[in-house]
Every structure is written in C-alpha cells, then in structure tokens.
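Trainee: I would like to go through this structure one point at a time. Please show it first, and then I will ask.

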Amino acid sequence: MKIGIIVAMDKELEQLRTVFGSCGNGIEVIVEKCGIGKVNAAIGALQMIQAHHPDVIISSGCAGGNGDDIQVQDVVVSSELVYHDVYCGRAIDDTTVYGQVQGMPARFQSDARLLQCARNLSEEFATSQDGVPMHFGLIATGDWFVDSKEKMRSIVEKFPDAKAIDMESAAIAQTCYRCGVPFISFRVISDVPLRDTDASMYHDFWERIARNSFQVTRRFVEIVLASW
C-alpha cells in the first residue's frame with residue numbers, strides 16, 4: 001500500500017520524515033513538500049498522483065484553530081473542506097455559494113474510510129493518558145496567513161463552523177476529487193488566532209512543541225494500514 005503525505009513547509013517535512021523513516025514490509029509512505037498556498041498544493045498533489053499513484057493522500061502539517069474547545073497541539077481532522085477566499089459570483093449560476101469553485105462541490109468531503117480510521121484513533125486517545133484531543137469538522141483554506149484577529153474574524157464570519165484554517169488542504173482535496181484518490185486532512189493546531197497576538201503562539205509552537213505533535217500522524221497511518 002502507498003500512502004502519500006503532503007506538507008507545505010520544510011520544517012513540517014523534516015518533522016514527518018523523522019517520524020516515518022523507512023516503514024518496510026511492503027508499506028510505502030511518501031512524504032513530500034508542495035510549498036505554501038493553493039496553487040503549490042494542487043501542483044504538488046497532482047505530481048504525487050502521477051509519479052507515485054498513492055492509494056490515499058493525507059494533507060498534514062499545522063493550521064490555525066478556531067473554537068473555544070480548540071487548543072494548541074490538538075488535531076483537527078477534516079470531515080469537509082472549503083475555500084474561504086473563493087467567490088465565483090451568481091451571474092452565470094445562481095446556485096454557486098461563497099467558497100465554491102463553479103462546477104465543483106460546495107464543500108469537498110473527506111474519504112469515509114479514512115474518516116472512520118481517524119474516529120477510531122480519537123476513541124483510542126480518549127482512553128489513553130498520552131492521548132491528543134481530536135476534533136472533526138470543516139477546514140477552510142485560502143491564500144492568506146492568518147496573523148491577526150481581524151483576519152480570523154473575517155473568515156469565521158462566513159464559516160463559523162470552521163475548526164481550522166490553512167493554506168493548502170482544500171486545493172489538495174479538489175485535486176484528489178478530480179483524480180479519484182481518497183483524501184483527508186490531518187492538521188496539528190499551531191495557534192488559535194482569535195486568542196493570539198502577533199502570531200506568538202505560532203512561533204512558540206515551532207520552537208517548543210512541534211516535534212512531539214507529528215507522532216499523532218504516525219499513529220493515524222498505522223490505523224489506516226491495519227484497516228485498509
């Protein structure tokens with residue numbers, strides 16, 4: 001089985017390559033960096049599909065969190081994904097909604113089997129002393145690093161149910177949707193912008209916390225491999 005993991009940044013790539021190393025036993029986990037933003041993410045996903053033909057693709061890395069129950073180091077798993085900076089208007093098709101690319105779903109849905117694997121991991125963590133809180137819901141994507149409360153409020157105004165905000169996941173989801181590859185986004189919360197000042201949580205995450213956080217992705221992959 002081949003599992004493709006796509007990250008945006010060198011520091012995410014370094015963390016995950018350290019976590020996975022060589023899996024062996026006929027298992028191939030391909031971790032690649034696409035670069036930051038939607039275009040880089042779509043190109044990276046397509047290149048991975050064409051070069052490696054993965055059975056599933058996971059968007060991993062960090063994201064900003066939203067909600068009173070979300071804390072730094074928690075994991076948000078996409079049940080669905082949307083663009084927070086796309087609007088095609090209604091001049092041609094008055095059914096297209098904000099966040100939807102015309103002709104595409106209003107929200108991209110994560111693969112049901114991968115979502116169930118994530119729920120199994122969440123149940124496992126719920127009974128473990130070392131468990132990490134996991135949250136399931138909407139991830140909103142856009143070409144906008146959220147480094148202020150004002151920016152975050154403008155996104156949450158349109159997508160109050162968003163659990164996390166990132167710059168790649170929905171673009172990878174759209175590429176996988178077009179190519180028929182099962183997809184899910186599995187994001188570690190690096191900061192909660194509505195509680196942050198000058199992205200201080202984000203910088204602190206990389207200085208002190210990141211190394212242990214990505215072990216959660218390893219356990220998720222193990223569950224996927226055991227149940228696929």
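Trainee: Is Gly65 buried or exposed, and at what relative accessible area?

Mentor: This is a predicted model, and Gly65 is found in strand β3, which covers residues 56-65. Residues under 20% relative accessible area count as buried. Gly65 is therefore buried, with a relative accessible area of 1%.

Trainee: Which residues does Gly65 touch, leaving aside those up to four places away in sequence?

Mentor: A contact needs heavy atoms within 4.5 Å. By that rule, Gly65 in strand β3 touches Ile70, Met152, Lys163, Ala164, Ile189, Asp191, Val192 and Pro193.

Trainee: How far apart in space are the C-alpha atoms of Gly65 and Cys176?

Mentor: Cys176 is one of the buried residues of α5, and Gly65 is found in β3. Along the chain the two are 111 residues apart. Their C-alpha atoms are separated by 24 Å.

Trainee: How many residues of helix α5 are buried?

Mentor: Helix α5 takes in residues 169-179 and is mostly covered. Its buried residues include Ser169, Ala170, Ala171 and Ile172, and Ala173, Gln174, Thr175 and Cys176 are also among them. Out of 11 residues in α5, the buried number is eight.

Trainee: Which residue follows α5, and what is its phi?

Mentor: Helix α5 ends at residue 179. The residue that follows α5 has a positive phi. It is Gly180, with phi near 70°.

Trainee: Which residues of α5 does Ala42 touch?

Mentor: Ala42 is found in helix α2 and is partly exposed, with a relative accessible area of 25%. Residues up to four places away in sequence are not counted here. The contacts of Ala42 are Ala171 and Thr175, both among the buried residues of α5.

Trainee: Where is His53, and is His53 buried or exposed?

Mentor: His53 lies in the loop between α2 and β3. Its phi is near 50°, a positive value in a residue other than glycine. Exposed means over 50% relative accessible area. At 57% relative accessibility, His53 therefore counts as exposed.

Trainee: What relative accessibility does Gln73 have?

Mentor: Gln73 sits in the loop between β3 and β4. Gln73 is not a glycine, and its phi is positive, near 85°. Gln73 counts as partly exposed, because its relative accessibility is 36%.

Trainee: With which side chain does the side chain of Glu80 make a polar contact?

Mentor: Glu80 is found in strand β4, residues 75-83. Its contacts, not counting residues up to four places away in sequence, include Phe108, Gln109, Ser110, Gly137, Leu138, Ile139 and Asp161. The polar contact of its side chain has a distance of 2.8 Å. The partner is the side chain of Arg107.

Trainee: Is Ile139 buried or exposed, and at what relative accessibility?

Mentor: Ile139 is in strand β6, residues 134-141. Val76, Ser78, Glu80, Leu81 and Val82 are among the residues that Ile139 touches, and so are Ala164, Asp166, Ser169, Ser185 and Arg187. Ile139 counts as buried, because its relative accessibility is 0%.

Trainee: Which residues does Glu28 touch, not counting those up to four places away in sequence?

Mentor: Glu28 lies in strand β2, residues 28-33. Its relative accessible area is 35%, which means that Glu28 is partly exposed. The residues touched by Glu28 are Met1, Lys2 and Ile3.

Trainee: What radius of gyration does the chain have?

Mentor: The chain has seven helices and eight strands, and 52% of its 228 residues count as buried. A compact globule with 228 residues would have a radius of gyration near 17 Å. The value for the chain agrees with this: 17 Å.

Trainee: What share of the contacts between residues at least 6 apart in sequence join residues at least 24 apart?

Mentor: One pair of residues in contact is Glu80 and Asp161, and another is Ala42 and Thr175. For the chain, the share of such contacts that join residues at least 24 apart is 80%.

Notes
Residues numbered from 1 in each chain as written. Heavy atoms only, no water. Helix = DSSP H or I, 4+ residues; strand = E, 2+ residues; numbered from the N terminus. Rg over C-alpha atoms; globule rule 2.2 N^0.38 Å. Buried < 20%, exposed > 50% of the residue type's maximum accessible area, 1.4 Å probe, protein only. Polar contact = N/O pair within 3.5 Å; in protein donor to acceptor, adjacent residues only side chain to side chain.
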